[in-house]
Amino acid sequence: MAAEWDAEGRAAARPLLTDYYQATMALGYWRAGRALDPAEFELFFRRCPFGGSFALAAGLRDCMRFLRTFRLLDADVQFLASMLPPDTDPAFFKHLRALDCSGVTVRALPEGSLAFPGVPLLQVSGPLLLVQLLETPLLCLVSYASLVATNAARLRLIAGPDKRLLELGLRRAQGPDGGLTASTYSYLGGFDSSSNVLAGQLRGVPMAGTLAHSFITSFSGNEVPPDPMLAPAAGKGPRVDLVASVNLWLERVCAHLGLGLQEPHLGEQAAFVAYALAFPRAFQGLLDTYSVRRSGLPNFLAVALALGELGYRAVGVRLDSGDLLQQAQEIRRVFRTTATQFQVPWLEAVPIAVSNNIDEEELARLAQEGSEVNVIGIGTSVVTCPQQPSLGCVYKLVSVGGQPRMKLTEDPEKQTLPGSKAAFRLLGSDGSLLMDLLQLAEEPPPQAGQELRVWPRGAQEPCTVRPAQLCEPLPSLSESRAFAQQSLSRLSPAHRRLQSPAVYQVALSEKLRALVDSLSAGGLL
């Protein structure tokens with residue numbers, strides 16, 4: 001288990017995956033004798049992404065892996081020594097070499113939780129020098145993971161619960177680490193599977209995939225399979241020459257569809273047969289290499305029906321060009337007429353998958369009522385988050401030595417909330433989300449049915465609420481995915497809509513509001 005954590009931790013991030021000023025501040029804290037001062041930072045975002053009203057908290061697993069394996073190696077310390085002033089006290093570098101996170105405490109929203117502006121995703125406490133060094137890697141691990149999970153959740157809301165969503169974005173991702181993160185957290189956000197094999201190996205993300213046009217175009221039709229014989233699915237009975245069976249079925253299919261036998265492409269037929277021999281229980285056809293109607297569809301039907309005689313069932317077809325919605329309608333119609341013609345009812349329900357630069361607008365079209373599309377593959381639009389490429393998380397100091405700290409600034413939006421805090425999610429009587437409450441950690445937690453006087457952020461007057469309390473343990477990745485979908489279902493329709501949503505309320509307790517007012521008026525403690 002330790003070895004697994006080490007490998008995962010090094011894969012998540014390394015201690016020097018940070019900004020240079022973290023090292024210079026560390027030396028500054030050391031020279032000031034403040035390296036071990038107890039401090040607390042909060043990681044949060046100021047605005048919901050994509051113009052929506054929510055985000056999904058993600059990346060906690062990667063943060064925990066990173067923290068559990070955090071250790072500056074000799075080579076790391078030597079490099080820092082080469083960058084810092086040559087007269088730096090060697091004891092500083094000895095201190096760096098001995099650092100680990102055994103004295104760091106992290107409180108966090110559970111993976112997959114709904115998150116809202118100003119509410120901490122992470123609260124990190126420990127020695128000042130160390131928790132300052134953690135800023136950049138933690139931001140790096142949380143920001144993109146939460147962004148892509150939120151993006152995936154939006155796409156799931158558009159698609160609805162019944163369409164299967166397949167993430168295909170590895171080749172479009174921002175490097176290998178971005179690809180692994182996107183595959184992991186698009187699954188958390190609501191996708192059903194990923195084409196990313198490494199995400200399957202390391203993170204247990206369900207894998208899925210079809211085949212590429214290159215596989216089909218590599219065949220000319222002159223190829224002879226080394227062994228064209230295939231045994232029945234049940235394992236009993238004589239083996240059948242699949243090539244010969246497909247040729248017989250192709251004649252019948254072309255006659256049914258009103259096509260000439262010479263129209264289907266011979267190379268495509270050979271490719272489908274080769275794939276079927278390799279995957280008789282998982283045969284699927286990519287239909288648009290040459291012509292969907294005149295080649296891809298009849299070739300697929302001939303192979304699928306030949307397999308069907310042996311007890312196998314084709315698992316689907318895919319379209320990657322053209323009007324995907326319209327073509328899916330036509331393909332389903334052909335499946336139904338062919339199923340009736342040859343008395344094979346299973347053919348009617350063969351899943352139809354589509355891909356090809358699908359964005360939110362096209363996804364809504366493919367998911368409309370009456371669509372015959374079953375599986376939707378999305379790559380670029382999920383992993384690159386084109387509507388908003390960054391979540392904009394920040395990591396701010398809120399207390400040192402038990403004393404609150406507050407950043408005032410000239411921009412009210414960038415002011416921070418001082419002090420060590422606790423966050424509570426309040427529910428209305430119908431179980432829907434009411435608001436998030438931030439209060440000082442020393443305050444007693446709210447109780448179900450208790451009347452609370454709170455200050456919604458940005459409001460000039462307090463209000464009174466009577467909530468229930470929501471607390472959830474840290475779930476596994478698959479549980480996080482289910483938790484995320486459950487959390488989204490608690491949003492009201494006004495908050496869930498993707499265009500011009502209502503703003504979700506985050507409120508301060510009276511004691512926290514009083515502290516903010518005091519520090520704003522009198523300056524920092």
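**A walk from helix H7 outward**

Helix H7 is mostly covered, with 22 of its 25 residues counted as buried. The model in which this helix sits is a predicted one, and H7, at residues 135-159, is a useful place from which to start reading it. From its first C-alpha to its last the helix reaches 36 Å, which is close to the 36 Å expected for 25 residues at 1.5 Å a residue. Directly after H7 comes Gly-160, whose phi is positive, near 85°.

The setting of this helix is best seen against the chain as a whole. The protein chain has 525 residues, of which 52% count as buried, and its secondary structure comes to 19 helices and 21 strands. Measured out along its principal axes, the C-alpha trace spans about 85 × 55 × 40 Å. Among the contacts with a separation of 6 or more, 73% are made by residues 24 or more positions apart.

H7 lies across three strands, namely E1 (38-44), E5 and E14 (394-400), and it runs at about 135° to E14. These three strands belong to an open sheet of five, in the order E3-E5-E1-E14-E15, whose pairing is antiparallel. Strand E3 (105-108) and strand E15 (403-404) stand at the edges and have a single partner strand each, so one side of each is left without a neighbour in the sheet. At the E3 end, the partner is E5 (residues 122-127), and the two strands pair in the antiparallel sense over four bridges; within this pairing, Thr-105 stands opposite Ser-125 of E5.

A residue that touches both this sheet region and the helix is Cys-63, which lies in helix H3 (residues 60-69). Because its relative accessible area is 1%, Cys-63 is buried. Beyond the residues up to four places away in sequence, Cys-63 touches Leu-122, Leu-138, Leu-141 and Val-142. Elsewhere in the model lies Ser-295, 232 residues from Cys-63 along the chain, and the C-alpha atoms of the two are separated by 50 Å.

The nonpolar interior can be followed next. The largest nonpolar core has 149 residues, and those with the most contacts inside it are Leu-96, Leu-134, Leu-138, Phe-283, Phe-300 and Phe-335. Helix H7 gives the most to this core, with 13 residues. Phe-335, when neighbours within four places in sequence are left aside, is in contact with Leu-297, Phe-300, Leu-301, Val-317, Leu-347, Glu-348, Val-350 and Ile-352. Apart from this core lies another, of nine residues, among them Phe-424, Leu-426, Met-435 and Val-465.

A further sheet has parallel pairing: it is open and has six strands, in the order E7-E6-E13-E12-E11-E10. Its edge strands are E7 (193-194) and E10 (284-286), each of which pairs on one side only. Inside the sheet, E12 (residues 352-354) and E13 (residues 375-378) pair in the parallel sense over two bridges, and the bridge partner of Ala-353 in E13 is Val-375.

The last region to visit is built around strands E16 and E17, which pair in the antiparallel sense over seven bridges. They form a hairpin with five residues between them, and Gly-431 in the turn has a positive phi of about 90°. One of the bridges joins Lys-421 to Leu-440 in E17. Seven of the eight residues of E17 (residues 433-440) are buried, so this strand is largely enclosed by the rest of the structure. E17 is also joined by three bridges to strand E21 (residues 506-509), with the two running parallel, and here the bridge partner of Leu-437 is Ala-507.

Within E16 (residues 421-427) lies Arg-425, a residue whose position deserves a careful look. Why does Arg-425 count as buried? The reason is that its relative accessibility is 11%, and the cut-off for buried is under 20% relative accessible area. Its side chain makes a polar contact of 2.8 Å with the side chain of Asp-436, and the side chain of Arg-425 also reaches the backbone oxygen of Leu-114 at 2.7 Å.

Note on methods
Residues numbered from 1 in each chain as written. Predicted model: local features only at pLDDT ≥ 70, side-chain atom pairs only at ≥ 80, totals over all residues. Heavy atoms only, no water. Buried < 20%, exposed > 50% of the residue type's maximum accessible area, 1.4 Å probe, protein only. Polar contact = N/O pair within 3.5 Å; in protein donor to acceptor, adjacent residues only side chain to side chain. Core = buried A, V, L, I, M, F, W, Y, C linked by side-chain atoms within 4.5 Å. Contact = heavy atoms within 4.5 Å. Expected span 1.5 Å × (residues − 1). Pairing = 2+ DSSP bridges. Axes fitted to C-alpha atoms, helices over the stretch in contact; angles between N-to-C directions.
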